[in-house]
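Me: I would like a close look at a single part of this model, namely the open sheet of one chain, together with whatever packs on that sheet and surrounds it. Please set the part in the context of the rest of the structure as you go.

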There are 2 protein chains.
Amino acid sequence: MSALKNDCLLKSLLKEPTSRTPVWMMRQAGRHLPEYRKLRRQAGDFMSLCRDPELACEIAMQPLLRYKLDGAILFSDILTVPDAMGLGLYFVEGEGPKFRKPLRTERDVESLSVINSKVDLTYVLEAVSLTRKELDGSVPLIGFAGSPWTLAAYMIEGKSSRDFARTKTWLYQHPEILHQLLQKLTLSVVDYLNAQICSGAQVIQIFDTWGGILSDFAYEEFSLAYTREIITNLISRHNDREVPIVLFTKSGGNWLEKIASSGCNAIGLDWTVSLREARRRVGAAVALQGNMDPAVLRSNPESIELEVQRILHSYGSGSGHVFNLGHGITPDIDPRNVAVFVEAVHRYSRD
Amino acid sequence: MSALKNDCLLKSLLKEPTSRTPVWMMRQAGRHLPEYRKLRRQAGDFMSLCRDPELACEIAMQPLLRYKLDGAILFSDILTVPDAMGLGLYFVEGEGPKFRKPLRTERDVESLSVINSKVDLTYVLEAVSLTRKELDGSVPLIGFAGSPWTLAAYMIEGKSSRDFARTKTWLYQHPEILHQLLQKLTLSVVDYLNAQICSGAQVIQIFDTWGGILSDFAYEEFSLAYTREIITNLISRHNDREVPIVLFTKSGGNWLEKIASSGCNAIGLDWTVSLREARRRVGAAVALQGNMDPAVLRSNPESIELEVQRILHSYGSGSGHVFNLGHGITPDIDPRNVAVFVEAVHRYSRD
């Protein structure tokens, strides 16, 4: 493996000093890029892209050719894990992910097996190795997985949902079945993330996309307990380098202290949180990643630059900030605005 | 007007001691009740119910006949204000509210007039008077309105939305037009709420349903600034009694200190917030209302009682807590479970 030329992202996630604030974007490789849309049209569907390691690698590299990003992220989907468990993932244009066999009964949960990633998700691990090789040490590669709670919610609903009524009914009516499912997912995610690290992932991000729909009590019992177990069981060093872990919980601003106690190195923040306030609350323990509203990218260069400066100012000086959006970039964004954004983070954080 | 027999809700909102924790539910009058669904079928559509003061009064009373609630709430909708401004509100079964003439241009905003509630929303004020009379002093009547930001978001999108992309584009591209709209809505809501108070509303709740989609910066500028202006301009005493104001901001847990600074008497909390933590942060300044996840009502009496006890315990002893759900009750809830819930709040808070 080539030596890492730009280790700004790794350093910031470990709260070590850097010459400027590193930046990457959730969903940076994807639909906002015309070159991605072209590949997607040729491939037919989203999963065909994920399942082809060479295409996945090409897509992960695309945003790096356009923007001076400080990290690359594996091109894949959090739902590959339930897919490998037999739920039959598929995508319907404009409707998001769906499962052919969502979980309906206790028996459905009992019959699930913990995955063996080297066998069941070979295509992802090959995409990781290939992307790492292709990066050639330019920037670090971020691997990722969904949190057990977030995966469970999709598996029970069979698709995304506005209020996750079915999942919450399990939670309050049959918590023991839900716990059984979460335990199997936890073991699967540990296996999956450790396999990604061994294949070349240098940073790990756990997406707890639906943690924020839980009550304060339920969040601890059904989400945080399992992400903590995952973090405890991850390989913390690989090839003599620490592997930082980012825990991103959409709408998790109320729980920063709890999230910081999970053992993660950095907390991913959505845009509702004040970075200054978050730093005051947990900045001694963890780095912070975020948190511009992706909607800002729909405006104009002046507004984008203003918002970047506001966010940098809100965090203040010193190490421990990775710039990112508060959620994934949306497909309607003009790449020229993204270039302005990335440039602005680098320019204004250097001052 | 009859003297108020149960002033437990008013007292708690003003942080005065009570013998037990008062309870009411957002959307307590509505689709979870078979007697409501029957009236609705007869009337044809939702707005016909709102526009008929006698029917609106009957519906507001329905939950009080079933449950020992400590407050009644006006039966109406937050979107009556934009409707009165000429946007043409209508409801499609299963799709929620829509506007025939959503705002599309600066000109659309310029041509809007501030409402005169006595003329433009007579039917609501008549529903307030009639419901207050029908209550006959049993419990206080809660009036309400949407926050300017929340109303503006619906007016610009023309309906509910997942990410309010159009509204956020205005916010970051044309903030001055959005401010013009918010100012007109603020004047309209002040007029509307003061008219409700003069017609008999004894508590006011402002619903900032979509405040929580804003960034930390934008929340202050586009939502809080206007709710603060409203609160400053509301009649604070009527018929020798203080009129408490509740500000409910869905997903506003990050901003409790700011919300408390608005001048409201109580903050409405969704279920993601720890009551204990919220009380520690702002309990000296305001009362707290909330915050059970309505999904708990879908479970069973044991789980409901457990959750009620947890929430009461989280707030702790002393005055200043009004029990409520963290959002509106959903149509699929069995009224028997609601009875268990209300009973449990009264029983366990008396201990």
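Reply: What follows starts with the confidence of the model, turns to the sheet of chain A, and then works outwards to the core, a hairpin, a loop and the second chain.

This is a predicted model, and its scores are ipTM 0.94 and pTM 0.96. For chain A the mean pLDDT is 97, with 99% of the residues reaching 70 or more. The secondary structure of that chain comes to 16 helices and 11 strands, and the part you ask about draws on 7 strands, which form an open sheet in the order β1-β4-β5-β8-β9-β10-β11 of chain A with parallel pairing. At the edges of this sheet stand β1 (72-73) and β11 (321-325) of chain A, each of which pairs on one side only.

Within the sheet, strand β4 (residues 141-146) of chain A runs parallel to strand β5 (residues 203-208) of chain A, and 5 bridges join the two. One pair of residues fixes the register for the eye: A:I142 has A:V203 as its bridge partner in β5(A). Helix α11 (residues 175-199) of chain A packs on the sheet here, where it touches both β4 and β5 of chain A, and its direction makes about 170° with that of β4(A). When following side chains along such strands, it helps to recall that in a regular strand they alternate between the two faces of the sheet.

Chain B offers a counterpart for each of these features. Its open sheet of 7 strands has the order β1-β4-β5-β8-β9-β10-β11, again with parallel pairing. Because β1 (72-73) and β11 (321-325) of chain B each have a single partner strand, one side of each is left without a neighbour in the sheet. Strands β4 (residues 141-146) and β5 (residues 203-208) of chain B pair in the parallel sense over 5 bridges, with B:V203 in β5(B) as the bridge partner of B:I142. Helix α11 (residues 175-199) of chain B lies across β4 and β5 of chain B and runs at about 170° to β4(B).

The setting of the sheet in chain A can be described by a few overall values. For 351 residues a compact globule would have a radius of gyration near 20 Å, and the 19 Å of chain A agrees with that. The C-alpha atoms of the chain fill a box of roughly 60 × 45 × 40 Å along the principal axes, and 54% of the 351 residues count as buried. Of the contacts in chain A between residues at least 6 apart in sequence, 73% join residues at least 24 apart.

In soluble globular proteins, nonpolar side chains tend to be buried together. Here the largest nonpolar core has 235 residues, and those that touch the most other members are A:L74, A:A152, A:I267, B:L74, B:A152 and B:I267. Taking B:I267 as an example, and leaving aside its neighbours within four places in sequence, its contacts include B:L247, B:L256, B:I259, B:V282 and B:L288.

Several elements outside the sheet of chain A are also worth following. Helix α5 (residues 80-87) of chain A is largely enclosed by the rest of the structure, because 7 of its 8 residues are buried; among them are A:V81, A:P82, A:M85 and A:L87. After this helix comes A:G88, which has a positive phi near 75°. Strand β2 (residues 89-92) of chain A then pairs with strand β3 (residues 96-99) of chain A in the antiparallel sense over 4 bridges, and A:V92 stands opposite A:G96 in β3(A). The hairpin of β2(A) and β3(A) has 3 residues between its strands, and A:G94 takes a positive phi near 80° there.

The loop between α9 (148-157) and α10 (165-173) of chain A holds A:K159, whose contacts, apart from neighbours within four places in sequence, are A:G96, A:P97 and A:K98. This lysine, A:K159, counts as exposed because it has 12 C-beta neighbours inside 10 Å.

Lastly, the contact between the two chains takes 24 residues from chain B and 24 residues from chain A. On the side of chain B that touches chain A, the elements giving two or more residues are α10 (165-173), α12 (216-232) and α15 (301-315) of chain B, and the largest share, 5 residues, comes from α10(B).

Technical notes
Residues are numbered from 1 along each chain as its sequence is written. Chains are lettered from A and ligands numbered from 1 in the order in which they are written. pLDDT is the predictor's confidence in each residue, from 0 to 100. Two strands pair if DSSP finds at least two bridges between them. Two residues are in contact if their C-beta atoms, placed from the backbone, lie within 7 Å. Axes are lines fitted to C-alpha atoms, for helices over the stretch in contact, and angles run from 0 to 180 degrees between N-to-C directions. The radius of gyration is taken over C-alpha atoms; the globule rule is 2.2 Å times the number of residues to the power 0.38. A residue is buried if 20 or more other C-beta atoms lie within 10 Å of its own, exposed if 12 or fewer, and partly exposed in between; C-beta atoms are placed from the backbone. A nonpolar core is a set of buried Ala, Val, Leu, Ile, Met, Phe, Trp, Tyr and Cys residues joined through C-beta atoms within 7 Å.
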